[in-house]
Each structure stands twice: as structure tokens, then as C-alpha cells.
Amino acid sequence: MSEFARLWLAAERRGDALAAEGRGDWYLTGVQMTCSWLACAFVTFNYPAGPVKQRARAPITRSTKKAYEELIAAEAEAAERAVARGGLPGRPGLAEGAMATLAWAWRRSGVPPIDIEHAQAG
């Protein structure tokens with residue numbers, strides 16, 4: 001569990017650093033979205049009419065349902081299919097980031113989807 005928290009924190013910090021530079025990274029966004037969804041987190045969107053809090057969306061299917069075993073397995077399969085098709089249009093790397101995160105966090109295979117130490121320093 002602590003490794004997952006470290007990964008999520010590192011991904012968020014790296015994303016904040018990139019945003020401060022005016023840059024983005026779809027792969028990292030896939031990691032962030034997957035972590036938020038797996039943690040059943042709520043995300044606040046700041047709209048002109050005011051902030052709106054919503055449950056984090058699954059990165060591929062965009063479901064707002066709470067992550068549970070069957071949904072996580074289905075999301076992992078959806079990520080694999082998206083990567084096999086060449087990714088998501090207009091979001092290069094997002095499916096790959098989601099798939100790598102799910103492989104590591106859900107299937108317990110491979111290595112973390114980002115370098116946790118490097119991401120924290122980023």
C-alpha cells in the first residue's frame with residue numbers, strides 16, 4: 001500500500017511541476033488518472049461557476065463507478081485493447097500509462113510505471 005501511495009504522490013508532484021512549466025505528459029496523466037480511480041478519490045474541477053467535486057474517472061472507460069475487483073479487471077483489459085489499437089486519439093501515451101499502472105498495481109507485475117525517485121525530484 002505504501003508503494004502505491006508513493007507512486008501516486010510522485011505522479012502528482014511531477015504533473016504539478018510540468019503544469020508549472022506549461023507542459024503536459026499524457027503517459028503521466030494516464031498514471032495519475034489510474035491512481036486516482038483505484039483510490040476511489042474525488043477530484044475537484046474549478047469551473048467559472050465554482051468548484052465541482054466528482055469521483056475520479058477510470059482512465060479508459062471513463063466510468064465514475066468506484067473501483068472494485070471486476071471493474072479494475074475490465075479497465076485493465078480495456079487499457080490493453082486501447083494500447084493494441086495504437087492508443088487513444090489525441091492522447092498519446094495515456095492508455096500506455098494506464099496499462100502500466102494497472103499491470104503494476106493490480107496485477108502486481110513489472111516495475112512501477114514511473115521512476116518514483118526521479119518523479120519526486122522533478
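**Notebook: helix H2 and its surroundings**

I began with Leu 9, which at 39% relative accessibility counts as partly exposed. I was working from a predicted model, and I kept that in mind for every entry below. Leu 9 has its place in helix H1. I then looked up how far Leu 9 is from Gln 32, and found that their C-alpha atoms are separated by 9.0 Å, although the two residues are 23 places apart along the chain.

**Entry on Gln 32**

Gln 32 is found in helix H2, and I wanted to know whether this residue is buried or exposed. At 14% relative accessibility Gln 32 counts as buried, because the cut-off for that word is under 20%. Leaving aside residues up to four places away in sequence, I noted that Gln 32 touches Trp 8, Ala 11, Glu 12 and Gly 15.

**Entry on H1 against H2**

I next turned to the pair of helices as a whole, since two packed helices are described by the angle between their axes and the distance between the axes. The axes of H1 and H2 come within 9 Å and cross at roughly 135°, which makes H1 oblique to H2. On the H1 side I listed Phe 4, Leu 7, Trp 8, Ala 11, Glu 12, Arg 14, Gly 15 and Leu 18 as making the contact, and on the H2 side Leu 28, Val 31, Gln 32, Cys 35, Ser 36 and Leu 38. I also recorded that the crossing of H1 and H2 is left-handed.

**Entry on H2 against H4**

Which helix does H2 pack against at an angle of about 45°? I found that the partner is helix H4, residues 94–105, and that the two axes are 6 Å apart. That angle makes H2 oblique to H4, and H2 passes H4 in a right-handed crossing. From H2 the residues that I wrote down for this contact are Trp 26, Tyr 27, Thr 29, Gly 30, Val 31, Met 33, Thr 34, Cys 35 and Leu 38. In H4 they meet Leu 94, Glu 96, Gly 97, Ala 98, Ala 100, Thr 101, Leu 102 and Ala 105.

**Entry on Asp 25**

I went back to the loop between helix H1 (2–20) and helix H2 (26–38), where Asp 25 lies. Asp 25 counts as partly exposed, at 34% relative accessibility. A polar atom of the side chain of Asp 25 lies 3.0 Å from the backbone nitrogen of Leu 28. I also looked up Arg 91, which is 66 residues from Asp 25 in sequence and 9.1 Å from Asp 25 in space, C-alpha to C-alpha.

**Entry on the cysteines**

How many disulfides does the structure hold? I found 0, and I wanted to see what keeps Cys 35 and Cys 40 from forming one, given that a disulfide is a covalent bond between the sulfur atoms of two cysteines. The cysteine sulfur closest to that of Cys 35 is in Cys 40, at 12 Å, which is too far for a bond because a disulfide needs the sulfur atoms within 2.5 Å. I checked from the other end as well, and the closest cysteine sulfur to that of Cys 40 is the one in Cys 35, again too far for a bond at 12 Å. I noted the surroundings of each: Cys 35 is buried, with a relative accessible area of 0%, whereas Cys 40 is partly exposed, with a relative accessible area of 23%.

**Entry on positive phi values**

While I was at Cys 40, I saw that this residue has a positive phi of about 55° although it is not a glycine. Cys 40 lies in the loop between H2 and strand S1 (42–47).

I wrote down Arg 108 for its backbone too, since its phi is near 55°, a positive value in a residue other than glycine. Arg 108 lies in the loop between H4 and helix H5 (116–121), and at 70% relative accessibility Arg 108 counts as exposed. My last look-up was the separation of Arg 108 from Gly 50, 58 residues apart along the chain, and their C-alpha atoms are separated by 39 Å.

Notes: Residues are numbered from 1 along each chain as its sequence is written. This is a predicted model: local features need pLDDT of at least 70, side-chain atom pairs count only at pLDDT 80 or more; totals for chains, interfaces and linings use all residues. Side-chain values use heavy atoms; hydrogens and water are left out. Helices (H or I, at least four residues) and strands (E, at least two) are DSSP runs, numbered from the N terminus. Buried means under 20% relative accessible area, exposed over 50%, partly exposed in between (1.4 Å probe, protein chains only). A polar contact is a pair of N or O atoms within 3.5 Å; within protein, one must be able to donate a hydrogen and the other to accept it, and residues adjacent in sequence count only if both atoms are side-chain atoms. Axes are lines fitted to C-alpha atoms, for helices over the stretch in contact, and angles run from 0 to 180 degrees between N-to-C directions. Angles under 35 degrees count as roughly parallel, over 145 as roughly antiparallel, 65 to 115 as roughly perpendicular and the rest as oblique. A crossing is left-handed if the near helix is turned anticlockwise from the far one by less than a right angle, and right-handed if clockwise. Contact means heavy atoms within 4.5 Å.
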